[in-house]
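Open the structure in your viewer and keep the selection box ready. Each stop below tells you what to pick and what you will find there.

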Amino acid sequence: MLSKRVVACLDVRDGHLAKSVKFVNTQNIGDPIEKAREYYLDGLDELVFYDITASSDKRNIMLDVVESVASQVFIPLSVGGGIRSVADATDLRLAGAEKINVNSAAVARPDLINECSEALGDQNIVLSMDVRRVEANAQQPSGFEIVINGGRKPTGRDALAWALEGEKRGAGELVVNSIDADGTRDGYDIPLTAMIAEAVRIPVIASGGAGLPEHLHDVLTRGKADAALVASMVHYGDYRVSGLKQYLHDQGLKIRMSW
Amino acid sequence: MTLILDYDAGNLGSVKRACTEVGLKAEFSADPAAVAQAERIIFPGVGAAGSAMRSLAERGLDVALKRAIANGTPVLGICLGMQVSLEYSEENDTQTLGLIAGRVQRFQLNHPELKIPHMGWNEVRVQQPHPVLAGIEAGDEFYFVHGYYPKPTAPEHVLAVTDYEDDFACALGKDNYVGTQFHPEKSGRVGLRLFENFAKWDGVWQPEGVIHAQ
């Protein structure tokens with residue numbers, strides 16, 4: 001039986017580790033390579049790097065970060081942020097990223113998912129979606145809407161429909177990030193995660209809102225997620241990856257406990 | 001020198017980085033002459049069986065690889081590099097190398113919550129001791145990403161199994177060939193241990209209770 005995964009997300013800006021609260025006011029909290037190595041040695045199952053570098057001339061810094069991390073961290077490495085083409089995805093793959101996350105650019109041009117999945121294999125393409133709650137209406141019948149550009153821009157797209165379309169176009173996995181919950185540490189959006197995880201047949205990584213070990217347990221059980229993404233709760237030293245895994249294991253979940 | 005077979009099947013850097021980490025000097029090559037000379041060979045792969053077999057054939061690597069294996073060179077196949085060691089793959093309806101009797105099949109799962117590909121960490125249960133799998137303990141997990149799985153004909157070729165609805169063979173061995181469905185290069189410390197073991201392996205192995213005629 002597959003283990004449930006604990007995934008840590010590192011937001012990287014100009015080569016430094018940043019953490020956002022509701023996607024604004026990012027603060028610098030250290031060296032991403034050092035953190036990556038620390039979590040790896042502490043039993044992390046997978047690492048996600050999100051490049052939030054604003055200026056395109058600094059984008060190559062990310063390739064260096066990925067390359068350094070890949071030579072020290074021997075678990076799956078997933079990278080996202082600003083990927084607009086198969087060429088961008090290929091560069092990151094060659095630098096050592098296992099999985100490529102597409103987000104805003106895929107909303108603008110959905111064929112990007114098909115192109116990347118054909119070029120790199122569907123298991124390597126992750127559709128990362130930022131979602132906010134809305135009043136259910138004709139355009140967004142699920143009551144959840146896709147937003148882009150770091151959560152700032154509503155798109156009018158229904159989140160459930162987009163998840164299903166992403167799967168059909170060849171995404172091998174979904175990251176479902178609730179921007180309402182992001183940075184709050186009040187827990188994941190369980191109804192959102194469960195709704196999407198039940199509708200698709202590809203793995204779902206729940207993101208946004210983790211603050212307590214119980215939140216991870218909740219989203220991996222009631223929320224039907226395959227993996228739980230954490231950020232602040234480990235970045236600031238409140239919890240350790242190994243401690244979270246021990247908790248989930250003690251609660252009876254199948255968790256990788258030897259590393 | 002360890003050769004990492006580079007037949008255009010995807011991201012091979014991670015395999016090389018894992019070799020470097022354990023002090024195994026490895027170089028990429030797609031040259032059949034280099035395959036013949038190699039001290040040991042790692043045969044990685046991601047992608048599809050059909051295109052992989054075409055790439056191997058175009059470069060004459062299928063023949064070179066079979067010859068090296070016949071000559072006793074230790075070979076480690078990973079993921080697709082393991083799958084093509086069987087006779088046939090349902091993926092793209094492909095005839096494969098035929099080093100090990102059996103076929104590769106698509107997962108057919110009954111449980112609605114189980115997903116394809118089988119992606120993530122899962123336990124590897126060793127069935128027969130093998131020098132390359134030395135040190136794997138009960139409960140050790142490795143990283144998997146695959147939609148097809150190997151079904152070797154003879155139980156003597158099954159080194160380890162993993163459970164995904166049913167048990168499937170996740171490590172195969174025959175003489176100087178060993179192959180894994182999981183990715184040791186992405187499996188943390190236990191995965192690196194497998195590369196260390198391979199670096200020291202002389203290519204000699206016999207299944208338990210089976211005496212090979214020389």
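Select Ala231(A), in the loop between β12 (227–230) and α9 (232–235) of chain A. Keep in mind that this is a predicted model. Is Ala231(A) buried or exposed? Its relative accessible area is 12%, under the 20% cut-off, so Ala231(A) counts as buried. Now add Ala8(A) to the selection. The two residues are 223 apart in sequence. In space, their C-alpha atoms are 5.7 Å apart.

**Chain A as a whole**

Zoom out and show chain A as a cartoon. You should find 10 helices and 12 strands. The radius of gyration is 17 Å, close to the 18 Å that the globule rule gives for 259 residues, so chain A is as compact as a globular protein of that length. Along its principal axes, the C-alpha trace spans about 45 × 45 × 35 Å. Buried residues make up 58% of the chain. Turn to the contacts in chain A between residues at least 6 apart in sequence: 64% of them join residues at least 24 apart.

**A buried charged cluster**

Next, select Glu46(A). It sits in strand β4 (residues 46–51) of chain A. How accessible is Glu46(A)? Its relative accessibility is 1%, so it counts as buried. Show what surrounds it. Leaving out residues up to four places away in sequence, Glu46(A) touches several residues, including Val7(A), Ala8(A), Ile75(A) and Ile205(A). Chain B reaches this spot too, as Tyr143(B) is one of the residues that Glu46(A) touches.

Add Arg5(A). It forms a salt bridge with Glu46(A), with the closest N and O atoms 2.9 Å apart. Glu46(A) is in strand β4 and Arg5(A) in strand β1 (residues 5–13), so the pair ties together parts of chain A that are 41 residues apart in sequence. Arg5(A) is buried as well, with a relative accessible area of 1%.

Then add Lys99(A). A polar contact of 3.0 Å joins its side chain to that of Glu46(A). Finish the group with Glu173(A). Salt bridges that share partners join Arg5(A), Glu46(A), Lys99(A) and Glu173(A) into one network. Over all chains, the structure has 22 salt bridges.

**Where the chains meet**

Color chains A and B separately. The contact takes 37 residues from chain A and 31 residues from chain B. About 2800 Å² is buried between the chains, and carbon and sulfur atoms give 49% of that area. Which residues of chain B lose the most area to chain A? They are Lys115(B), Met119(B) and Trp121(B), which together give 27% of what that side buries.

There are 15 residue pairs in polar contact between the two chains, counting pairs with both residues at pLDDT 80 or more. On the side of chain B that touches chain A, β8 (118–123) is among the elements that give two or more residues. In fact, β8(B) gives the most, with 6 residues. The residues on that side divide into 12 nonpolar, 8 polar and 11 charged.

**Salt bridges across the contact**

How many salt bridges link chain B and chain A? The count is 3. Visit them in turn.

- Select Lys115(B) and Asp226(A). Their closest N and O atoms are 3.1 Å apart.
- Select Lys186(B) and Glu98(A). Here the closest N and O atoms are 3.2 Å apart. Lys186(B) lies in a loop of chain B and Glu98(A) in a loop of chain A, so the pair joins two chains. Both residues are buried.
- Select Glu141(B) and Lys254(A). Their side chains meet at 3.4 Å, N to O. Glu141(B) is in strand β10 of chain B, while Lys254(A) is in the segment after α10 (241–250) of chain A. Glu141(B) is buried, at 4% relative accessible area. Lys254(A) is partly exposed, at 22%.

**Backbone stops in chain B**

Most residues other than glycine have a negative phi, and most peptide bonds are trans. The last stops depart from that pattern.

Select Ile116(B) and Pro117(B). The peptide bond between them is cis, with omega near 5°. Pro117(B) lies in the loop between β7 (102–106) and β8 of chain B.

Now select Asn92(B) in the loop between β5 (88–89) and β6 (94–95) of chain B. Its phi is positive, near 55°. Asn92(B) is partly exposed, with a relative accessible area of 49%. End at Asp93(B), also in the loop between β5 and β6. Its phi is about 50°, a positive value although Asp93(B) is not a glycine. Asp93(B) is exposed, at 55% relative accessible area.

Note on methods
Residues are numbered from 1 along each chain as its sequence is written. Chains are lettered from A and ligands numbered from 1 in the order in which they are written. This is a predicted model: local features need pLDDT of at least 70, side-chain atom pairs count only at pLDDT 80 or more; totals for chains, interfaces and linings use all residues. Side-chain values use heavy atoms; hydrogens and water are left out. Contact means heavy atoms within 4.5 Å. Buried area is the accessible area (1.4 Å probe) that two parts lose on being put together, summed over both. A salt bridge is a side-chain nitrogen of Lys or Arg within 4 Å of a carboxyl oxygen of Asp or Glu. A polar contact is a pair of N or O atoms within 3.5 Å; within protein, one must be able to donate a hydrogen and the other to accept it, and residues adjacent in sequence count only if both atoms are side-chain atoms. Helices (H or I, at least four residues) and strands (E, at least two) are DSSP runs, numbered from the N terminus. Ala, Val, Leu, Ile, Met, Phe, Trp, Tyr, Cys and Pro count as nonpolar, Asp, Glu, Lys and Arg as charged, and the others, Gly among them, as polar. The radius of gyration is taken over C-alpha atoms; the globule rule is 2.2 Å times the number of residues to the power 0.38. Buried means under 20% relative accessible area, exposed over 50%, partly exposed in between (1.4 Å probe, protein chains only).
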